[in-house]
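Could you walk me through this structure, starting with how it is divided up and then going into the spaces inside it? I am new to it, so please keep it informal.

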Amino acid sequence: MLALRLIERKRDGGRIEPGEWRAFANAYATGHVPDYQMAAFLMACFIRGLDRGETSALTEAMLRSGSALDLAYLHRPRIDKHSTGGVGDKVSLVLAPLIASLGVAVPMMSGRGLGHTGGTLDKLEAIPGFESTITLEAARRLLETSNCALFGQTAEIAPADRRMYALRDATGTVESIPLIAASIMSKKLAEGLTGLVLDVKRGSGAFLPDLARGLELARTMIDLGADYACPVVALITAMDRPLGRACGNALETEEAIHALRGEGPADLMEVTYALGAEMLVLANVAKDREEARELMERAIGTGRAAEHFQRIIEGQGGNPAVVDDPSIMPQAAEVEIFAAPRRGFIARVEPRTIGRGIAALGGGRVTMDDVLDLSVGFVITARPGDWAEEGEPLATIFARDRAGVSSGRATLRSAITLADEADPPLPLVSHRVSASGIEVLAVS
Ligand code: URA
């Protein structure tokens with residue numbers, strides 16, 4: 001009866017009270033509300049929207065449907081970074097060990113790739129033996145010993161969100177700002193954080209391509225963090241082209257290892273340092289962003305960050321030798337260069353096309369049950385705005401067979417546009433959003 005009453009009220013534009021959100025989320029998490037009623041309710045929420053109080057009550061209800069990490073006894077700052085997802089985005093793999101090596105606890109709960117975007121857990125699982133399906137208790141022990149745990153959402157964490165997100169994915173109700181904000185923040189707040197940094201992507205490859213919607217999502221999550229005394233800072237970063245060069249699971253992990261050894265591509269390092277600086281300032285490890293950057297550059301330059309990654313990998317059952325020899329990760333059977341079909345400026349490297357192309361190679365998911373080939377993907381050296389001569393190498397295709405190479409070629413032909421002129425790409429880091437407001441860092 002409760003379910004039907006709430007569906008009808010939301011459908012007619014009414015408001016759901018905090019106690020009702022709690023009762024409904026718990027009933028759903030424990031199997032007392034059927035999927036068809038929750039689906040109808042979520043569609044009503046999608047169309048009618050939620051006000052600030054309702055978004056906060058939904059977050060609280062989902063958070064309280066499960067357990068949370070209580071890490072206060074560590075007496076260390078606990079900061080995570082969350083990205084709204086993109087193509088080639090391996091920043092978490094660089095940032096987690098880098099920031100943990102500087103004395104900050106990083107409980108990083110991540111997801112798997114779905115659709116055109118990749119997921120941190122899939123990238124980590126390219127490391128032989130790496131175990132990301134761990135309990136909250138195991139995560140707590142890893143945080144004690146290595147300041148970092150890299151893990152997936154377990155059944156213990158926000159189970160109501162876990163089921164609702166899967167249902168939203170199948171019912172066209174994902175792209176709602178209050179539903180996204182409550183879903184992400186219910187999981188992040190379960191990590192027992194003292195601060196959170198958000199990487200909100202904008203541009204054609206982003207989950208919410210439009211800048212105004214990205215800013216609204218950032219502001220909503222900042223407000224939700226404030227309810228729990230968890231300061232949140234968001235950076236708006238570009239996803240109108242892939243980040244870095246490697247796109248595909250093992251290839252991205254390899255690029256992240258290069259970044260930790262001081263050989264990362266400039267765009268990847270710029271986004272990593274910008275987000276890392278916010279983490280270190282929130283943690284009070286650095287007094288400002290300049291000092292934070294110096295600390296990070298030194299941790300990379302001295303090898304401390306790469307060594308710390310080895311420690312984290314070992315703690316989670318993986319082979320730490322990967323940091324010295326990334327070739328122990330799955331390797332594609334077929335490797336082929338893709339050359340420029342004509343001369344001209346690189347006008348576009350379309351991230352959605354690349355992401356879907358990885359899935360076509362077997363390296364991305366169409367449904368949550370798909371088993372991935374972690375070796376496949378692309379390394380794209382062509383950057384928007386570059387000039388290329390006909391026949392010049394623009395990218396490399398990594399495939400499991402010749403059919404994959406043909407599919408990869410077709411992907412790159414449609415993703416990379418050569419033209420006589422090219423518009424400038426979006427600035428890599430364009431806005432900073434915090435409880436004090438929006439700061440424009442670069443104009444597009
Ligand atoms: N990621 C989440 O965890 N939840 C959403 O609703 C969207 C993206």
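Here is a tour that goes from the domains to the pockets, the ligand and the cavities.

Keep in mind from the start that this is a predicted model. The domain assignment of the protein gives three pieces to look for: domain 1 covers 2–49, domain 3 covers 330–419, and domain 2 is written in two stretches, 72–325 and 428–440. If you take the centres of domain 1 and domain 3 over their C-alpha atoms, you'll find 43 Å between them.

Now for the empty space. The largest pocket has a volume of about 1,600 Å³. It is lined by 49 residues, and the closest to the pocket's centre are Gly-111, Arg-112, Leu-114, Tyr-165 and Met-368. Which domains does this lining draw on? Domain 2 and domain 3 each put in at least three residues. Looking at the pocket element by element, you'll see at least two lining residues from each of the strands β1 (79–83) and β2 (106–110), and likewise from each of the helices α6 (120–124), α8 (159–171), α9 (177–189) and α15 (351–361). The top contributor to this lining is α8, with 6 residues. As for chemical character, the lining holds 23 polar residues, along with 13 nonpolar and 13 charged ones.

Next, have a look at the ligand. Which residues sit around it? They are Tyr-165, Arg-168, Ile-180, Ser-183, Ile-184, Lys-187 and Phe-207. You have met Tyr-165 already, as one of the residues closest to the centre of the largest pocket. Three of the ligand's neighbours are worth zooming in on. Lys-187 has a polar side-chain atom 2.4 Å from an oxygen atom of the ligand. Ser-183 places a polar side-chain atom 2.6 Å from a ligand nitrogen atom, and for Tyr-165 the distance from a polar side-chain atom to a nitrogen atom of the ligand is 3.4 Å. How much of the ligand does the protein bury? On its own the ligand would expose 240 Å², and 88% of that is buried by the protein.

Let's move on to the second largest pocket, which has a volume of about 230 Å³. Its lining includes Leu-235, Val-429, Arg-432 and Leu-441, as well as Glu-270, Tyr-273 and Arg-289. Two or more lining residues come from each of α12 (266–282), α13 (289–301) and β13 (429–434). Here α12 has the largest share, at 5 residues. The mix in this pocket is easy to remember: 6 nonpolar residues, 6 charged ones and no polar ones.

Finally, there are the cavities. Rolling a probe the size of a water molecule over the atoms shows where empty space is left. In this model the count comes to 3 cavities of 30 Å³ or more. The largest cavity holds about 150 Å³ of space. Among its 20 lining residues, Thr-117, Gly-118, Ile-358, Gly-363 and Gly-364 are the closest to its centre. The helices α6, α11 (249–260) and α15 each give at least two residues to that lining. By class, the cavity's lining has 13 polar residues, 4 charged and 3 nonpolar.

One last thing to spot ties the tour together. The largest cavity takes at least three lining residues from each of domain 2 and domain 3, and the largest pocket does too.

How values were computed:
Residues numbered from 1 in each chain as written. Predicted model: local features only at pLDDT ≥ 70, side-chain atom pairs only at ≥ 80, totals over all residues. Heavy atoms only, no water. Domains from an automatic or database assignment. 1 Å grid on protein atoms, 1.4 Å probe; cavity = no way out; pocket = protein on both sides within 12 Å on 5 of 7 lines; lining within 4 Å. Points joined across faces, edges and corners; volume = space filled by probe spheres on them. Helix = DSSP H or I, 4+ residues; strand = E, 2+ residues; numbered from the N terminus. Nonpolar A, V, L, I, M, F, W, Y, C, P; charged D, E, K, R; others polar. Near = heavy atom within 4 Å. Polar contact = N/O pair within 3.5 Å; in protein donor to acceptor, adjacent residues only side chain to side chain. Areas by Shrake-Rupley, 256 points an atom, 1.4 Å probe, with all protein chains shown as cover.
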